[in-house]
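I opened this notebook to keep a record of what I looked up, entry by entry, and of the reasoning behind each classification.

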Amino acid sequence: MKPYHSLLLMCAVAFTLVCASFVASATQRIVVNEAKILVEDQSSRAQQKAAKQALREVFLKMSGSTESLSNPGVKAALSSPQSLLRSYRYSYEGSKTYYVAEFDSTKVGEILQREMLPLWGDRRPETLIWLAVQDEKENKVIIDESVDFPIAEALRTTAQERGLPLSLPLMDLTDNVNITTYDVWARFVEPVREASRRYSVDNIIAARLYKNDSTFVPDLPNAESKKDPNASVSANSHADSISGSHLDSSASSLENSGDISNSQSEQVDEIQNGAAQGVNVTSEGEFKPTIKPFSMDEFEAHAKRSEEGDFGLDWVFISKDSVSYGSIYADSPTLLGSALMEAYADYLSSQYAVVGIDKANREVLEISVANVGTIESYADVSRYLTTLSVIESASLKAQRGTVATFSITLIGTTEDLMNTVGLEAKLRPVTDAYGQPVEGFSFYWNN
């Protein structure tokens, strides 16, 4: 690394330390090479069947793609799971018996790379789900961690199978002060985002579950207040990516609601000011939305949706820099919970999984890492770099003061590298006084 580059890096690091503080990341490390399968007994036949199911789940976790399961190389591995099995045991939960298998993650990863399939590392963004459900009496309640709902169990089970860190709100006194059931039901972005801050998660999903029949009319149809005027919606909405996922055949694919039209934005503004039809404002100034009349086209669209499944789930996905909306339908809340998590897992893997590059074409890159001034910190950085799924190898090339230069060989692209590093706060890109990244790939080690 050239001397003036080293000086620039150290100056930029100093500015970063003075003007900014590191924010703790909610990313979790998931055990991707292990699976737990429910079995009827401990016979050899049940064990062989469970081993195949467990390896299938591990391939799904590590690739992040359901399409990988149809690959010939993966199918061949699934036919003989014992060759990749490291250990197994049985666990018991009440009257249920589970077969717990651990597979060789290195060999599984090699198969995925050899077949040029995505490889998703064990660092996954944590997601918080706010889910409001409506019962037969039209009472609405937010599902929390302690409530036993079939859809909540489906969310947890599918998230575990796909390797997604998932949590539901506590709905304790703090949550009840910060958010209302209607905030979640209407999918208001800003109240949901503010109430989620205490959980320090990367991504947020707010959704409402309801009986999907011709007698049910969602609150504020058409705009449905879902286009929060305070929300910053990216022009490149994630809805397209999520809606492209493959769902269970019993559920329809996620709909892309698209961006906010001018007319919808104006309508929401009018609603907030109490000027739109179907909105009552009390003498105390309280905002009380009522049902807005349907047009004939909306009646026809609503009737068609009621035929797509007995239940509907409308969702909003909130990340750090964008917001997107959609709806799915299925014949049961359990199917909806599973479908939502399957689609969400496919979307996340499309963002973070690395599609391997042929060895002859892999890029060798130099990165500078500041705050590496001890043998311990050097060992920590080296170990961290080699655990990233996007990096094949890493070695120290030069050391100048507390700035270490590493030579790394990438399995994927530099964009894959930045996406993977961005999941945690350990390596933070160094920025200048204007908040722009400095020249080259320069990071600060946050040990």
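The entries below go through cores, helix packing, aromatic rings and backbone angles.

**Entry 1: the source of the coordinates.** I note at the outset that this is a predicted model, and I read every value below as computed from that model.

**Entry 2: nonpolar cores.** I began with the largest nonpolar core, which has 29 residues, and I listed the members with the most contacts inside it as L131, L164, L313, W315, M341 and Y344. I then looked up which elements supply at least two residues each to this core, and found the strands β7 (127-134), β10 (203-211), β13 (311-318) and β14 (323-330) together with the helices α5 (150-162) and α12 (333-352). Which of these elements gives the most to the core? I found that α12 does, with eight residues. I also recorded a second, separate core of 28 residues, whose members include A54, L85, A101 and F103.

**Entry 3: the packing of α5 and α12.** Since both helices had appeared in the previous entry, I looked up their mutual geometry, and found that α5 and α12 pack at an angle of about 30° with their axes 8 Å apart. Angles under 35 degrees count as roughly parallel, and α5 and α12 are therefore roughly parallel to each other. I noted the handedness of the crossing of α5 and α12 as right-handed. I then turned to E153, which lies in helix α5, and found its C-alpha atom separated by 9.2 Å from that of S338, although E153 and S338 are 185 residues apart along the chain. With a relative accessible area of 43%, E153 is partly exposed.

**Entry 4: aromatic pairs.** A search of the whole structure gave me nine aromatic pairs. I took up W130 and Y199, whose ring centres are 6.3 Å apart and whose planes stand at 80°, so I entered the pair as edge-to-face. Where in the chain do W130 and Y199 lie? I placed W130 in strand β7 and Y199 in the loop between α8 (189-196) and β10, so that the pair, with its partners 69 residues apart, links distant parts of the chain. I checked the accessibility of both partners: W130 counts as buried at 0% relative accessibility, and Y199 is buried as well, with a relative accessible area of 18%, because buried means under 20%. I also wrote down one aromatic cluster, formed by Y88, Y90 and Y99.

**Entry 5: charges over rings.** Going back to Y199, I found that R198 lies over its face, at 5.1 Å from the ring centre. I recorded a similar arrangement for K140, which lies over the face of W185 at 4.9 Å from the ring centre.

**Entry 6: positive phi.** I looked up M116, which is not a glycine and yet has a positive phi of about 55°. M116 has its place in the loop between α4 (105-114) and β5 (118-119), and I classed M116 as partly exposed from its relative accessible area of 41%. I then looked up R187, a residue other than glycine whose phi is positive and near 60°, and found R187 in the loop between α7 (181-185) and α8. Is R187 buried or exposed? At 1% relative accessibility, I entered R187 as buried.

Technical notes
Residues are numbered from 1 along each chain as its sequence is written. This is a predicted model: local features need pLDDT of at least 70, side-chain atom pairs count only at pLDDT 80 or more; totals for chains, interfaces and linings use all residues. Side-chain values use heavy atoms; hydrogens and water are left out. A nonpolar core is a set of buried Ala, Val, Leu, Ile, Met, Phe, Trp, Tyr and Cys residues joined through side-chain atoms within 4.5 Å. Buried means under 20% relative accessible area, exposed over 50%, partly exposed in between (1.4 Å probe, protein chains only). Helices (H or I, at least four residues) and strands (E, at least two) are DSSP runs, numbered from the N terminus. Rings of Phe, Tyr and Trp (its six-membered ring) pair if their centres lie within 6.5 Å; planes under 30 degrees apart count as stacked, over 60 as edge-to-face and the rest as tilted. A charge sits over a ring if NZ of Lys or CZ of Arg is within 6 Å of the ring centre and within 35 degrees of the ring normal. Axes are lines fitted to C-alpha atoms, for helices over the stretch in contact, and angles run from 0 to 180 degrees between N-to-C directions. Angles under 35 degrees count as roughly parallel, over 145 as roughly antiparallel, 65 to 115 as roughly perpendicular and the rest as oblique. A crossing is left-handed if the near helix is turned anticlockwise from the far one by less than a right angle, and right-handed if clockwise.
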